[in-house]
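Subject: Structure handover

Hi,

Here is the structure I promised you. Please open it first, then read my notes below.

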Amino acid sequence: MPTEVRVRFAPSPTGHLHVGSAHTALFNWLYARHHGGALILRIEDTDAERSTEENIGSILEALTWLGLDWDEGPPSPGYRQTERLDLYREHAARLLKAGHAYYCECPPEQLDAARRAAEERKETFRYSGRCRDRGLSTGALRLRIPDQGATVVNDLINGPVTFEHGQLDDWILVRTDGTPTYNFCVVVDDVTMRITHVIRGNDHLSNTPKQILCYEALDYPVPEFAHVSMILGPDRSRLSKRHGATSVQAYRDDGFLPDALVNYLARLGWSHGDQEIFSRGEMIELFDVKEVASAGAVFDRTKLEWLNQQYMKAMDGPALAAHVEPFVTRAGLRIPGDHAWLGRVVDTLKERAKTLMELVETGRFYFEAPASYEPKAAQKFLTAEGGQRLDALVERLTGRPDWTAAALEAVFRGRADALGVKLGDLAQLARLAVTGRTASPPLFDVLALLGRDESLARLRRARAATR
RNA sequence: GACCCCGUCGUCUAGCCUGGCCCAGGACGCGACCCUUUCAAGGUCGAGAUCGCGGGUUCGAAUCCCGCCGGGGUCACCA
C-alpha cells in the first residue's frame with residue numbers, strides 16, 4: 001500500500017497572510033487534494049516577539065476565505081510549535097546522546113566579531129567548531145556537520161541541487177535559553193507529523209541541506225522537497241508592501257472573489273496548455289508539482305482584475321449579489337429593494353467592473369439619485385431643447401402601466417421618431433438625467449430597475465436643471 | 001563576497017527532458033475595426049520575443065555542451 005500523501009502549510013503568525021504564502025498554501029492544498037492526501041496546518045510561533053494571536057486568527061480567516069481547507073491543524077491543539085516544546089527537547093537529547101550534537105559556549109559577541117572579520121576578508125562565515133570536542137554540558141546545542149562530502153537535495157521542481165558540506169556549518173538546534181530554533185523545529189515537526197512532501201517557498205532551498213543532515217542524524221526518513229518560486233514585484237524582487245497590497249485580505253477588501261484569486265495564484269508558476277480559467281475541480285485534477293516552473297513570477301494585478309471580471313460575469317445575479325452586498329453597505333449606501341432586485345441590478349453591472357468595489361461605484365445611481373451631472377454632458381444635453389425632450393418623455397411615461405425594458409424602449413423609439421432625432425440622442429439625455437453620467441448599463445434596464453416613480457422623479461429633476 | 005536558484009513578447013506562460021512540426025503558440029495589457037442607445041462585454045485583425053550574451057556540437061538549436069553576463073534568494077543563539 002503506497003503511503004498516504006501528507007503535506008503541510010506552516011505560516012509564522014508575524015503578519016497577515018501574504019499572497020506569496022497563499023500561493024504555496026494553494027500548491028500544498030492542490031497536491032493534497034489531487035492525491036487524496038492530507039493537508040496539515042501548523043503554526044510556527046516560536047518567535048514570541050512577533051507572533052500574535054490576532055495574526056493567527058487572520059491567517060486562518062484568509063485561508064478559509066480562499067477555500068483552502070486543512071485536514072489537521074488549529075483549532076485542534078498540538079499544531080502550534082509553542083505547544084510542542086517537549087518534542088523538541090526529546091529530540092535534542094537524542095542527538096546529544098548519540099554524539100550528533102554538542103554544546104557550545106562561544107559568547108555571541110565573539111561569534112559576531114568572527115562574523116564581521118570574515119565579512120572583512122570577504123569570506124563566508126562558518127562556525128569554527130571550537131566547542132565541538134570540549135564535552136561541554138551547557139550552552140547552545142549545535143548539530144555536528146560532517147566535514148567531508150556533500151548533501152544533494154532532490155527537489156521535485158528544481159532537480160538535484162548539491163551543497164558541499166564545507167559550505168555548511170554546525171548550526172544551532174537549541175539556543176542557550178533552551179528554546180529550539182526554526183530549522184530544528186521544522187525537522188522535528190515534519191517528521192513527527194509524518195509529512196511526505198515539503199512544498200514551500202524557494203527561499204528555503206538553502207536551508208534544506210542543513211535540515212536533511214538533521215533528519216539523517218535522527219535516523220529518520222527524509223521527505224520529498226519541492227521549492228516553489230517566489231512571487232515578485234515589478235522590479236523582480238520579492239513582493240513586499242513596498243510594491244503595494246500584499247495581504248490576501250487586502251485583495252478581499254478591494255473586491256476580488258476568492259475563486260478569482262485562487263485561479264490567478266494557480267497560474268503563477270503553473271499552467272496547463274493554453275487554459276486560463278480553471279474550476280477548483282479542474283485544478284485539483286490537473287495539478288502536479290513536478291510541472292511547476294522554477295522561475296519567479298511577477299504579480300500582475302491587471303491580469304487578476306481580468307480574471308475577477310471573468311468570474312463575476314460567469315456568476316448569476318443572486319449569487320454575485322451576496323458578495324456585493326457588504327460592499328454596498330460599506331460605501332454607505334442603502335439597498336432600496338430585495339435580494340432578487342439586487343441580483344438583477346448586479347447582472348447589469350457585472351460586465352462593467354473589474355472588482356466588487358468598482359461594481360458598486362459604477363452602479364451607485366441604483367442606490368441614490370445623482371447628486372450632480374457630468375458638467376460637459378450637462379452643458380450639451382441640459383439645454384432648452386433638452387428640456388422640451390424631457391417634457392415629452394415625462395408626458396409619455398407618466399402613468400404607464402407596463403414599466404418594462406421592452407415597453408420603455410418602444411416608447412423611446414416612438415418619441416425619437418416623432419421628434420426626428422436618433423434614439424441615441426434621447427437615450428443619452430435620459431441617461432444623464434437618471435444616472436448623472438454618460439456611461440451606464442443599458443438605459444431601459446436601468447429605468448425598469450429603478451421603477452416608474454423614481455425614474456420619473458429623476459427625469460423631472462433634470463428638466464428643472466435645464467437652462 | 002560565498003553558496004544556491006532563475007533568465008522565451010511589458011507581464012503570466014507553452015515549447016526545452018525525447019533537436020527539425022517554432023523565422024516561437026496562448027493569455028493579460030495595448031491599438032484598430034465590427035457589434036451597439038452610452039460604457040462595457042463579445043467578435044475579428046494587428047503591433048509586440050534577434051528565445052540574456054558569446055562560443056561549440058549538429059545537415060539543423062529556444063531545445064544539447066562550455067563560458068560569461070544579468071536578476072533574485074540564503075548566509076543569525078529571526079522565522
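Contact here means heavy atoms within 4.5 Å. Helices (H or I, at least four residues) and strands (E, at least two) are DSSP runs, numbered from the N terminus.

This is a predicted model, so local features need pLDDT of at least 70 and side-chain atom pairs count only at pLDDT 80 or more, while totals for chains, interfaces and linings use all residues. Residues are numbered from 1 along each chain as its sequence is written, chains are lettered from A and ligands numbered from 1 in the order in which they are written, and side-chain values use heavy atoms, with hydrogens and water left out.

Two helix pairs

Start with H3 and H5. Leu-87, Tyr-88, His-91, Ala-92 and Leu-95 in H3 meet Phe-184, Cys-185, Val-188, Asp-189 and Thr-192 in H5. This contact has seven nonpolar, two polar and one charged residue. (Ala, Val, Leu, Ile, Met, Phe, Trp, Tyr, Cys and Pro count as nonpolar, Asp, Glu, Lys and Arg as charged, and the others, Gly among them, as polar.) The two axes come within 10 Å and cross at roughly 100°. Axes are lines fitted to C-alpha atoms, for helices over the stretch in contact, and angles run from 0 to 180 degrees between N-to-C directions. H3 and H5 are therefore roughly perpendicular (65 to 115 degrees).

Now H15 (residues 384-397) and H17. Their axes come within 11 Å and cross at roughly 85°. Gly-386, Arg-389, Leu-390 and Leu-393 in H15 meet residues of H17 including Leu-426 and Leu-429.

A salt bridge

A salt bridge is a side-chain nitrogen of Lys or Arg within 4 Å of a carboxyl oxygen of Asp or Glu. The count comes to 34. One of them joins Asp-189 and Arg-84, with the closest N and O atoms 2.6 Å apart. Asp-189 lies in H5 and Arg-84 in the loop between H2 and H3, so the pair ties together parts that are 105 residues apart in sequence.

The RNA

Which residues come nearest to RNA strand B? They are Arg-175, Thr-176, Gly-269, Glu-351 and Arg-431, out of 64 around the strand. (A residue is near if one of its heavy atoms lies within 4 Å.) Sugar and phosphate make up 74% of the strand's atoms that come within 4 Å of the protein. An N or O atom in the Thr-176 side chain is 2.5 Å from a base nitrogen of the strand. The Gln-428 side chain has an N or O atom 3.1 Å from a sugar or linking oxygen of the strand. H10 gives the largest share of the surface near the RNA, six residues.

Best wishes

Terms used
A polar contact is a pair of N or O atoms within 3.5 Å; within protein, one must be able to donate a hydrogen and the other to accept it, and residues adjacent in sequence count only if both atoms are side-chain atoms. Angles under 35 degrees count as roughly parallel, over 145 as roughly antiparallel, 65 to 115 as roughly perpendicular and the rest as oblique.
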